[in-house]
Each structure stands twice: as structure tokens, then as C-alpha cells.
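Visitor: Please take a close look at the aromatic side chains of this protein and at what surrounds them. A connected account, residue by residue where that helps, would be welcome.

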Amino acid sequence: MALTKLQKGAIGENEFEKLAILETDGALQVGRPLTHDERRDREIYRRGTIAAGLAVQVRIRMDALTARQTIWITVTVARAHLRSSRRFWYFLGDFDRKAMRFHEPVFLVPSTVFHRKANPRKHRDVWYFHFHASLDPKVRDAWYRYRVETKDVGKRLLSILEGPHPALPQRGREIMLPLGPAAGVLFVSRRPAQSTARRRPRPPAKRDSLRQPRRSRATTRAAGSTARSR
């Protein structure tokens, strides 16, 4: 009897959870959302903190082939559920059913990159993303920056959480844009709001009424010449 799609997904999610926890000696906590409306398979955060964590979508390919140089995974997302955020990541791996482990390497890709580079195609109300990457460490394709050895998955997640990381905002906050061609994240920096109150004009300096008006140089010279002529 063949494994169902849900069974394969559960195996991949549990394997990912194991890598995240074991390789960090429990420094990472892995949560399981009660609902799947927002396409979050696991939520990752550092133990003992209340800082914002990462949402991870796990996608695997599973078969009995042990000699593989590339990985092909198709991800389908309903248009209404498509979200791109610097705190939403994809974990992608090729799971060897015979060896019961992932092929090396696996991939951790931010959704802001995945939704742009994974050959997106839209049909009606569904987006199709085709992830095709090489597993050969000598090949530098579009995804080589996101390769991770399985023993380093937990450490990579920690480094993403603690930053600085180019895919995460260093300052400010994220605002979700409307769905459609402009769907994504708008990053807003934290700058203090400037006061809109107008400055009151300074009152004119008061002149001393007893002070004589200042005479010009031409008037002074004319007065001097008149005095000498007398």
C-alpha cells in the first residue's frame, strides 16, 4: 500500500522538527499551529524568549532513489492564501525512503525569495511554484545560497532568528500588501514622527523710541563739508 500525501507530509514535518531541536540542544522550540489556514506547518522560536519567531512551511519529495543530483518540488498555493514575509520560510528536502533520511543538502528559503524565483505560474485562482535545485555542492545555481547540511539546520535557524540576516528586517515593521500583482511585504522604518505644529513667528524686536534714527554716510559727509565751509 502506498503512502498518502498527508502521511508523507507528516514524516517530513517531524523530521524537520527533529533537526531543529536536536542540533541546537533544545535552544529552539517548535510549535504546531492548531489550524493550517495560514500555511504554517511549524513555528520556530528561541526557548525562554517572547521575541517574534519564524513560520516554516515544509515541502519534501519522497521516493526510493538513493542516487540523485537534483530536487524537483512543486508547491501549489491558493491565491487567497498566498503570503510573502521575511518571517515565513520554506524548508525543502529530498527524503530517501529507503535510507529514512534526507539527501544532502536540504534548503531553507525565505518566502520573499521563493515566490519570486521558483518559476511562479498562475492558473485561475491557484499559484504554482516549481522548485528545481541541484544537490551537487560544485554547482552554483540560483538556490546554492540556501543549501544547508542536515546537521546545520538548527544552527541556520538560530542564525536567522538572532540576525543580522539579509532576508530579515533589521529595523521597522512589516505591513502585508493586498493580494494580487503587488502582494508582498512593505517594510516601514521606525522614524520618529515629526511634529506638524507650525512654529510661531518670532515677534519683531522692539526699538527704543528715544534712540535717534541712524544717519546715512552721505548725510554725514554733507554735514561735515557744510561745517568746514563756514
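**Aromatic side chains and their surroundings**

Guide: Phe129 is buried, because its relative accessible area of 1% falls under the 20% cut-off. Trp127 is instead partly exposed, at a relative accessible area of 21%. The model in which these residues are seen is a predicted one.

Aromatic pairs in this structure number 12. One of them joins Phe91 to Phe102 in an edge-to-face arrangement, with 5.5 Å centre to centre and 80 degrees between the planes. This pair links distant parts of the chain, as Phe91 belongs to strand 5 (residues 88-96) and Phe102 to strand 6 (residues 101-102), 11 residues apart. Phe91 is buried, with a relative accessible area of 0%, and Phe102 is buried as well, with 3%. Trp127 and Phe129 form a pair of the stacked kind, at 6.2 Å centre to centre and with 20 degrees between the planes. Through ring pairs, Trp127 and Phe129 also belong to a cluster that takes in Phe88, Tyr90, Phe107, Phe114, Phe131, Trp143 and Tyr146.

Trp143, a member of that cluster, is placed in the loop between strand 9 (126-134) and strand 10 (147-148). Trp143 counts as buried because its relative accessible area is 4%. Leaving aside residues up to four places away in sequence, Trp143 touches Phe107, Val109, Val113, Phe114, Lys117, Ala118, Phe131, His132 and Ala133. Of these contacts, Phe114 is 29 residues from Trp143 in sequence, and the two C-alpha atoms are 9.4 Å apart in space.

The surroundings can be described through the nonpolar cores. In soluble globular proteins, nonpolar side chains tend to be buried together. Here the largest nonpolar core holds 24 residues, of which Phe16, Ile44, Phe91, Val153 and Leu157 touch the most other members. At least two residues of this core come from each of helix 1 (5-22), strand 1 (28-31), strand 3 (54-63), strand 5, strand 7 (106-110) and helix 3 (153-162). Ile44 has contacts with Phe16, Leu28, Gln29, Val30, Gly53, Leu54, Val56 and Leu161, again not counting residues up to four places away in sequence. A second core, separate from this one, consists of 20 residues, and Val75, Val109, Phe114 and Tyr146 are among them. Phe114 and Tyr146 thus appear in this second core and in the ring-pair cluster, while Phe91 appears in the largest core and in the edge-to-face pair.

Some backbone features and a pocket complete the account. Pro105, in the loop between strand 6 and strand 7, follows a cis peptide bond from Glu104, with omega near -5 degrees. Asp25, in the loop between helix 1 and strand 1, has a positive phi near 55 degrees without being a glycine. Asp25 is exposed, at 71% relative accessibility. Arg124, which lies in the loop between strand 8 (121-123) and strand 9, likewise has a positive phi, of about 60 degrees. Arg124 is exposed too, at 71%.

The largest pocket encloses about 640 Å³ of space. Its lining has 25 residues, and Lys5, Gly9, Val58, Arg59 and Ile60 lie nearest the centre. Helix 1, strand 3 and strand 4 (70-78) are the elements that give two or more residues to this lining. By character, the lining residues are 10 nonpolar, 6 polar and 9 charged.

Definitions and conventions: Residues numbered from 1 in each chain as written. Predicted model: local features only at pLDDT ≥ 70, side-chain atom pairs only at ≥ 80, totals over all residues. Heavy atoms only, no water. Phe/Tyr/Trp six-rings, centres within 6.5 Å; stacked < 30°, edge-to-face > 60°. Helix = DSSP H or I, 4+ residues; strand = E, 2+ residues; numbered from the N terminus. Buried < 20%, exposed > 50% of the residue type's maximum accessible area, 1.4 Å probe, protein only. Core = buried A, V, L, I, M, F, W, Y, C linked by side-chain atoms within 4.5 Å. Contact = heavy atoms within 4.5 Å. 1 Å grid on protein atoms, 1.4 Å probe; cavity = no way out; pocket = protein on both sides within 12 Å on 5 of 7 lines; lining within 4 Å. Points joined across faces, edges and corners; volume = space filled by probe spheres on them. Nonpolar A, V, L, I, M, F, W, Y, C, P; charged D, E, K, R; others polar.
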